[in-house]
Amino acid sequence: MTGVNERLGSAAKAVTSRWPSLFALLALGGLYAALPSSLLLGGPRWLLLAIVSVLAVPLVVTHYKGAHESNQVIGFILNGVVTTTMIISLALLIRALPLHLEKPRELLQSAAALWVSNILVFASWYWRLDAGGPHKRAKRPDHSKGAFLFPQMTLPPERKHAAGLSEWMPNFVDYLFLAFNTSTAFSPTDVPVLSRWAKVLMMLQSMISLLVIALLAARAVNIL
């Protein structure tokens, strides 16, 4: 009976840990809708939020039914869609800067929205890709290897047990914290990067963040 309860508890924990990632995707749709019309790809401004909301249904259903491969594919599609829209909006913002297509206040607001979007997009990728994805991570008793070396992974077994971290594994908030630090410090802080694919993604995130902050936001402040 105890074993059954432990499995149910682990399953409930795995389900609960997925909701922040879904909320992040919905937030990306809302940030996209808040951009000026000149920075949108086309169509209604709520198009991205509608796409995310529609794809979120099979994403949740496949997870509850245990169709983990289909769930991972849908997750990749969602991440790809929000990443593409963010990059296109960023390119349109760069184009709008010398042409003075937007007012300074709108440029600042757009730069802030894209900076936050950059954090959410890459946090979603880190969470989706690290150590085989959330499902494979949840199947392991603890998180001992992956693309990122979290501080909890470096603790000796006795200290992990004393701190109640014997079965610790990262959830979306851990990857969100990693992405936030990357966008603010342009480098990892307390989480070293071990995998080459993760290094490439972090370089891309830092480059986008630097572009938004140093080139776009700074220029908008200068012309206020």
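In helix α8, the buried residues (under 20% relative accessible area with a 1.4 Å probe, protein chains only) are Phe172, Tyr175, Leu178, Ala179, Asn181, Thr182 and Ser183. The model is predicted, so local features need pLDDT of at least 70 and side-chain atom pairs pLDDT 80 or more, while totals for chains, interfaces and linings use all residues. Residues are numbered from 1 along each chain as its sequence is written, and side-chain values use heavy atoms, without hydrogens or water.

**Helix α8**
- Helix α8 covers residues 172-185; helices are DSSP runs of H or I with at least four residues, numbered from the N terminus.
- Its 14 residues should span 20 Å (1.5 Å times one less than the number of residues), which agrees with the 20 Å between its end C-alpha atoms.
- Asn171 caps the N-terminal end of α8, with a side-chain oxygen 3.1 Å from the backbone nitrogen of Val173.
- Phe186, just after α8, takes a positive phi of about 60°.

**Ser89 in helix α4**
- Ser89 belongs to helix α4, residues 68-99.
- Ser89 counts as buried because its relative accessibility is 1%.
- Beyond its neighbours within four places in sequence, Ser89 is in contact (heavy atoms within 4.5 Å) with Tyr32, Leu35, Leu39 and Leu114.
- The C-alpha atoms of Ser89 and Leu41 are 7.0 Å apart, with the two residues 48 apart in sequence.

Notes: Helices (H or I, at least four residues) and strands (E, at least two) are DSSP runs, numbered from the N terminus. Buried means under 20% relative accessible area, exposed over 50%, partly exposed in between (1.4 Å probe, protein chains only). A polar contact is a pair of N or O atoms within 3.5 Å; within protein, one must be able to donate a hydrogen and the other to accept it, and residues adjacent in sequence count only if both atoms are side-chain atoms.
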